[in-house]
Amino acid sequence: MFIFDLGPSYNQPKLSPCATWNSDAITFADNSTVSMHPTSVFVSINNTVYVTVKSVGHALIWLKEDLLPTRTISASLNNSYSIFASSNGDIYIDNGLSNGSVDKWTLNATNSTIAMYINEICFGLFIDVYNYLYCSIGSFHQVVKKLLNIDTNQTTVIAGTGTAGSASNSLDNPRGIFVTVKLDLYVADYTNNRIQLFRSGQLNGTTVAGSGAPETIVLNAPTDVVLDADEYLFIADYSNNRIVKSGPSGFECLFGCSGNAGSTANQLNRPHSLSFDSYGNLFVVDSDNNRIQKFLLTRNSCGKYFHFF
């Protein structure tokens, strides 16, 4: 069996140490479009935007950031928490609570096929460059993976013992995940208030942000983590109502920095998921405000300004 490097389908922008974003977000989609409690956002390398809304059981798709969704997927979906699109445009959606699976939708398909059986909510989905599908199963306190080009449901546990815990080999209700091209796994370890890094092939993790990490930042129920091209972290700090990042000088807050929940353009209320577009703008699921916020990159080099809309 040959496994080929397919290249990433996600965005990891190259950002300078001087990169800044507008602290007032543009509302990409509000409750008239996403209804109540959107859960996940994913932006592909061609800037197609994918959003899951668990309250109404559907996924919305905007082709190249169109103003209105160009496709809605709703058949058989219920309480979906995560979504990811592969390099060839296949869409993978958590359907674990109702159907016990991760479902795969191809372009313009009216019915899905099952990509992975999980029998629980998959709070985070990811596809690495070797075509493995990853799922973080909160109630099992584990992250598992499965090769997509085989028909069997053979999964491998790559993080977590199956029992909630805070040791280096344990997780407690893991949420969002990110896998680098080197196959290092980052996990938003929700109840442990930390981000765990599991190097490729290692079952013991290292705390890189939050509780237990030296010279870091205090996190409260982180739900997602993404990386830029230099592998600096961007974290949805859910119960602190903010987005934080790491950088050359350590950790700092980017958005929602008062820590108080709110609904103005510079506030968030339970941010649940985040994703870069190809320009370095950040899309954030502002779950309790029932909206998707877009924070524009305003500077991406020292002394030189770029504006992307």
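Where does Lys 146 lie? Lys 146 sits in strand E13, and that makes a handy place to start the tour. A word on the ground rules comes first. This is a predicted model, in which local features need pLDDT of at least 70 and side-chain atom pairs count only at pLDDT 80 or more, while totals for chains, interfaces and linings use all residues. Residues are numbered from 1 along each chain as its sequence is written, and side-chain values use heavy atoms, with hydrogens and water left out. As for the labels, strands (E, at least two residues) and helices (H or I, at least four) are DSSP runs, numbered from the N terminus.

Back to Lys 146. Its relative accessible area is 3%, so Lys 146 is buried; buried means under 20%, exposed over 50%, and partly exposed in between, using a 1.4 Å probe and protein chains only. The side chain of Lys 146 has company from the backbone: a polar atom of it lies 3.3 Å from the backbone oxygen of Ile 150, and the side chain also reaches the backbone oxygen of Thr 152 at 3.4 Å. Skip residues up to four places away in sequence, and the residues that Lys 146 touches include Ala 115, Met 116, Tyr 132 and Leu 133. Touching, or contact, means heavy atoms within 4.5 Å.

Now look at what E13 is paired with. E13 (residues 142–147) and E12 run antiparallel to one another over 6 bridges, and two strands count as paired if DSSP finds at least two bridges between them. Ile 137 has Gln 142 in E13 as its bridge partner. The two strands form a hairpin with 4 residues between them, where His 141 takes a positive phi near 60°. On to the next partner: E11 (residues 122–127) pairs with E12 in the antiparallel sense over 5 bridges, with Gly 124 matched to Ser 136 in E12. That hairpin also has 4 residues between its strands, and Asn 131 in the turn has a positive phi of about 70°. E12 (residues 132–137) is mostly covered, with 5 of its 6 residues buried.

From Gly 124 and Ser 136 we can hop to Arg 175, since both are among the residues in contact with Arg 175, along with Phe 123, Tyr 190 and His 272, once neighbours within four places in sequence are left aside. Arg 175 is found in strand E15 (residues 174–179). Arg 175 is buried yet has no salt bridge, and the nearest side chain of opposite charge, Asp 189, is 8.8 Å away. For charge, Lys and Arg count as positive and Asp and Glu as negative, with His and the chain ends not counted; a salt bridge is a side-chain nitrogen of Lys or Arg within 4 Å of a carboxyl oxygen of Asp or Glu. Arg 175 does make a side-chain polar contact with the side chain of Asn 173, at 3.4 Å. A polar contact is a pair of N or O atoms within 3.5 Å; within protein, one must be able to donate a hydrogen and the other to accept it, and residues adjacent in sequence count only if both atoms are side-chain atoms.

E15 belongs to an open sheet of 4 strands, in the order E15-E16-E17-E18, with antiparallel pairing. E15 and E18 (206–210) stand at the edges with a single partner strand each, so one side of each is left without a neighbour in the sheet. Inside this sheet, 4 bridges join E17 (residues 194–198) to E18, and Leu 197 stands opposite Thr 206 in E18.

What about salt bridges elsewhere? The structure holds 8 of them. In one, the side chains of Asp 184 and Arg 199 meet at 2.8 Å, N to O. This pair links distant parts of the chain, 15 residues apart: Asp 184 is in the loop between E15 and E16, and Arg 199 in the loop between E17 and E18. Asp 184 is buried at 5% relative accessible area, whereas Arg 199, at 44%, counts as partly exposed. Another salt bridge joins the side chains of Lys 182 and Glu 231 (3.7 Å, N to O). Lys 182 lies in the loop between E15 and E16 and Glu 231 in the loop between E19 (222–227) and E20 (233–237), so the pair ties together parts that are 49 residues apart in sequence.
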